[in-house]
Amino acid sequence: MATPTLVQDTDVEHAVGTIQRGRVVRKGRVLGVTTALALLAFALFVATMMVGSFPVTPWEVIASTFRLGSDPSVDFVVRDLRLPVATTALAVGLAMGVSGLVFQKLLANPLASPDFVGISSGAGLAAVGSIILLNVSAMFVSVAALGGALVAALLIYLLAWRDGITGYRFILIGIGVSELMVALTGYLIARADIFEAREAMTWLVGSVGNAGPTQLRILLVALAVLLPLTLVLNRHLDVLELGDDAAKALGANVERMRLVLLAVAVVLVALATAAAGPLPFVALIAGPIAVRLIGANGSGLVAAAFVGALIVLVADLVAQHVVPVELPTGVVTGAIGAPYLIWLLATVNREGRGG
Amino acid sequence: MTLAHARSTSPAPGSGVAAPSHRHGGGLAAGLVVLVGVLAVVAFVSVTLGTRDVGLATIWKAFTDFDPDNTSETVIRELRVPRTLVGLVAGMSLGLAGAILQGVTRNPLADPGIMGINTGASAFIVVSIMVLGVQGLGTYIWFGFLGAAVAIFVVYGVASFGREGATPVKLALAGAAVTAGFYSVTTGVVMTNVDALNELRFWQVGSIAGRYWPVFTQTAPFMAVGVAVALFSGRALNGLSLGDDMAVALGQRIRLTRSIMFVSVAVLAGAATAACGPIVFIGLVVPHVARALCGPDYRWVMVYTALLSPIILLSADIIGRVSAGDGELQVGVVLGVLGAPAFIALVRRRDLAEL
Amino acid sequence: MTHELRAEDLSLGYGPQDVVSHLDVEIPDGKITVIVGANACGKSTLLRGLARLLAPRTGSVILDGKRVQDLRSVEVARVLGLLPQTPVAPDGITVADLVGRGRYPHQSWFRRWSAEDDAAVAAAMESTGTAELADRPLSALSGGQRQRVWVAMALAQDTDLVLLDEPTTYLDINHQVELLDLLTDLNRRHAKTIVLVLHDLNLACRYADHIIAMKAGAIIREGAPIDVIDAAVVTEVFGLPCEVLPDPVSRTPMIVPRGRHHVPVPESV
Ligand SMILES: Nc1ncnc2c1ncn2[C@@H]1O[C@H](COP(=O)(O)OP(=O)(O)OP(=O)(O)O)[C@@H](O)[C@H]1O
Ligand SMILES: [Mg+2]
């Protein structure tokens, strides 16, 4: 054991070198993984637009997307039919991926995710209510879903407030609120006529085909603003992770930063849900997968965004083209959740826990 | 050294757990008599109350001198009595399942609904009917058991992941995740079939309306076995409630005990769900009411829970029958709406301790 | 640089009752102050109050002439650091990353990681003997190694005032002494003011310039250990009969507990 009592300056210089080199290596890994994920997401984005009853080459897709194409039938298929869905998948995935990881870090729990802490069920109740009780257009259903998610988040925040917020209380109260919303949603669906009920249940499963052009545009603008904002705020997220006492001692304005970060995450997931419905599991699993890939080398927010996009794009591809009948995207992401949980179980057993 | 000195430091093993029951045994037994009385009254109201007004005389006659041509007597015998009996055994089962889960996982917020066990049972039942073409309650109840068991295994396994083991928050989150996964798979399976969708939406809210004699006779035997095991498990749960290490130190075989407990939860929750659909919150709230009445000794908690749960379920069913003008509110909805505030109040209590 | 840290009429608490009520205390500048007292007497509460983690119910904490509540939190964090008794580490975090998070108050949205940060982190890790652990995940360390990493994080914050709540918990006796020696170095060489909570009375007496003995949220005695700690005070604070002898190494008070099974052996034997 080295005696650290009298520290030599040479030792410190040596340590500085080690630390700097370590940081460069770690940054390289983060950058590499993130770039790979981004390229993969872009490839899938293009691929989802190639397949279908009217196959298109990748170059045609790219040309048409950037308005360089000349074939009107390709332009129609790509730009008018496939591009909106693919963009929705991409945008929803990005938003849910980031939002999920922010929730998990903020609430200090790898299983915390906006799907389960009442925010998606708030959106669901409002959407189902507007479908069944008000009989409104798809655009208004989205507005209602957005409102429902935000109101639910606010309600949970206020109910969880007690000399401040703890992750533990926020999650559990979110689950309680969620159960209430689910009960009411179930009641609405049970008393509706069968066609409205069917529409409502389809919405609740979620599909990237649901989004109209306006919803998509709003989501894209929000992403353009909120994704960079999340990265700027990441510094604060890093200290909030150390617990309230340590974060306060380091000078962080804990309650305000938590509120801001929660708000950003909630708005992202609320807009994504309003556009495509509550695609289950995307927000839950994107973060942990990104963290696995990056290791303890960085925060992984950007990587989580791309993993989220990858999951939704793959789910969309599977739902539209791989299974015999066309399914809503949410059924596929729901089915992806099962292997993830089993993988968690397997890791548990390898570590000798979980008896 | 005097004995008086030594006494002040000598440990009193298990003193806080078992002692009160001896002291207040008389009072606690009297409480049971009161509860049996209340249950009888509630059951009676449940049989009497409904859109068709029937007098005492008719009820009496329906049992002593049944006239199959008399509609009122038929309604009593063939509708209200089995409905009440189903509510009684299902309530008992769900309450006891909750009490067992709270004891085994040392989690004050455990509930077969919140932990996704009822949804697991319901998903397996729906899939067995839809995909495997299973017919008849007597057959698909087994899928209910299987689904409940799978849900317990996955939820408990996933929640045990990580350093602190299965904390209340992780159990609740894992339960929510499993619920979301089962929900989207179930909906995906029935999506293409309008008739099945129609049945699913009524099934999903949880209700005891329209449960005839076969429902009771085919599920009650299983629940009876589960209830018997539960009533005799008080001592084991007292041991487990001290923590795994302590329970082992006191000579308990915790793996065996826990397995038996989980199997009985699967039987109780699976059968109750097969009979009524997924119902939340009974198993969560009632054991707490029981503890408030009789203290922490699980031997008494189980008995009190067994009596209180059907009182609450039947009362909720009665409220649902009288509160909605046209038609009725399903008992699952009433419990969701009344149970959520109770759950939130529990979470907000500062001294929410592990059990 | 000299600093003033004191509390006036300070009351702190969690539930309906105050844990610390109407307390006046001054932390001597440039000295090592050790707070001792029985479990649950309010040591951590006082430390959290001094570090503005807990809002005062009455009175105030004064840092360099200004009320701490009126200062911006990051400004305080550049002068005053605190290591909580039970800090939480995010899953999977590495040692270097954790220590680096101590640099938060020195950064802002335009001033990101710098060479100065690297130097502070390296010095903190080197002096706590955690430099070799830099790339290891915290969860793969022993309790004592983890504790030293946390201390490194508090040191990386590079404040003139350092408050540490039981930094020697989990450490073996060698590392306890090493850590206290390190804190003494920091105190002597860099004139840092150090406040710590310790449960080992003998080490407390040896390393403290100023000792504060607390009981039930109040200060029973304070001053230089040699003047303050005697058998009567220890018995009053901890309810423990004991003998106090001079420490053969440092001549500071050394506490030898009696216990019910051990009574003093007569000198003549
Ligand atoms: N977060 C909290 N909420 C409620 N009460 C608390 C909280 N933290 C401490 N207390 C109570 O305040 C009192 C003082 O606690 P404190 O942590 O200051 O004790 P301490 O002197 O640091 O003890 P120890 O030597 O065990 O660390 C105790 O009675 C404790 O139960
Ligand atoms: Mg303390």
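A residue counts as buried here when its relative accessible area is under 20%. Keep that cut-off in mind as you move through this predicted model.

**Stop 1: a serine in chain A**

Select A:Ser130, which sits in helix α4 (residues 119-134) of chain A. Is this residue buried or exposed? Its relative accessibility is 2%, so A:Ser130 counts as buried. Now show what surrounds the serine. Setting aside neighbours within four places in sequence, you will find A:Ser130 in contact with A:Asn135, A:Val136, A:Phe140, A:Val141 and A:Ala144.

**Stop 2: chain B by itself**

Next, hide everything but chain B and colour the chain by secondary structure. You should see 15 helices and zero strands. Chain B has 355 residues, and 57% of them count as buried. If you look at contacts in chain B with a separation of 6 or more, 73% of these are between residues 24 or more positions apart.

**Stop 3: where chain B meets chain A**

Bring chain A back and select the residues that touch across the boundary: 54 come from chain B and 53 from chain A. Together the two chains bury about 4,500 Å², with 76% of that area on carbon and sulfur atoms. How many salt bridges cross the interface of chain B and chain A? The count there is zero. Polar contacts do turn up, with five residue pairs across this interface, both residues at pLDDT 80 or more.

To see which parts of chain B take part, highlight helices α6 (137-159), α7 (168-190), α8 (194-205), α12 (254-276) and α15 (331-348), each of which supplies at least two residues to the side that touches chain A. The most comes from α7(B), with 15 residues. Colour the side of chain B that touches chain A by residue type, and the split is 33 nonpolar, 14 polar and seven charged.

**Stop 4: where chain A meets chain C**

Swap chain B for chain C. This contact takes 32 residues from chain A and 45 residues from chain C. The pair buries about 3,400 Å², and 59% of it is on carbon and sulfur atoms. Show A:Arg235, A:Leu242 and A:Leu250 as sticks: these three supply 20% of the area that chain A buries against chain C, more than any other three residues.

Now look for charges. Between chain A and chain C there are five salt bridges. For one to zoom in on, pick A:Arg23 and C:Asp118, whose side chains form a salt bridge with an N to O distance of 2.5 Å. The interface of chain A and chain C also has 11 residue pairs in polar contact, both residues at pLDDT 80 or more.

On chain A, the elements giving two or more residues to the side that touches chain C are α1 (9-50), α8 (213-240) and α9 (244-249). Which of the elements of chain A gives the most to that side? It is α1(A), with eight residues. By type, the residues of the side of chain A that touches chain C divide into 18 nonpolar, six polar and eight charged.

**Stop 5: the magnesium ion**

Select ligand 2, a magnesium ion, and display its protein donors, C:Ser44 (OG) and C:Gln85 (OE1), which lie 1.9 to 2.1 Å from the ion. These donors link distant parts of the chain: C:Ser44 belongs to helix α1 (residues 43-50) of chain C, while C:Gln85 is in the loop between β6 (80-83) and α3 (95-100), 41 residues apart. With a relative accessible area of 38%, C:Gln85 is partly exposed.

**Stop 6: three loop residues in chain C**

Stay in chain C and go to C:Arg136, in the loop between α4 (115-127) and α5 (143-156). At 36% relative accessible area, C:Arg136 is partly exposed. Beyond its neighbours within four places in sequence, C:Arg136 is in contact with C:Ile93, C:Thr94, C:Val95 and C:Leu141. Try the distance tool from C:Arg136 to C:Ala122: the two are 14 residues apart in sequence and 15 Å apart in space, C-alpha to C-alpha.

Then check backbone angles at C:Glu166, which has a positive phi of about 50 degrees although it is not a glycine. This residue is in the loop between β7 (161-165) and α6 (173-190) of chain C, and C:Glu166 counts as buried at 11% relative accessibility.

Finish at C:Ala191, in the loop between α6 and β8 (193-197) of chain C. Its phi is near 55 degrees, a positive value in a residue other than glycine. C:Ala191 is partly exposed, with a relative accessible area of 38%.

Methods: Residues numbered from 1 in each chain as written. Chains lettered and ligands numbered in written order. Predicted model: local features only at pLDDT ≥ 70, side-chain atom pairs only at ≥ 80, totals over all residues. Heavy atoms only, no water. Donors = N, O, S within 2.8 Å, 3.2 Å for Na, K, Ca; no water. Helix = DSSP H or I, 4+ residues; strand = E, 2+ residues; numbered from the N terminus. Buried < 20%, exposed > 50% of the residue type's maximum accessible area, 1.4 Å probe, protein only. Contact = heavy atoms within 4.5 Å. Buried area = accessible area lost by both parts, 1.4 Å probe. Salt bridge = Lys/Arg side-chain N within 4 Å of Asp/Glu carboxyl O. Polar contact = N/O pair within 3.5 Å; in protein donor to acceptor, adjacent residues only side chain to side chain. Nonpolar A, V, L, I, M, F, W, Y, C, P; charged D, E, K, R; others polar.
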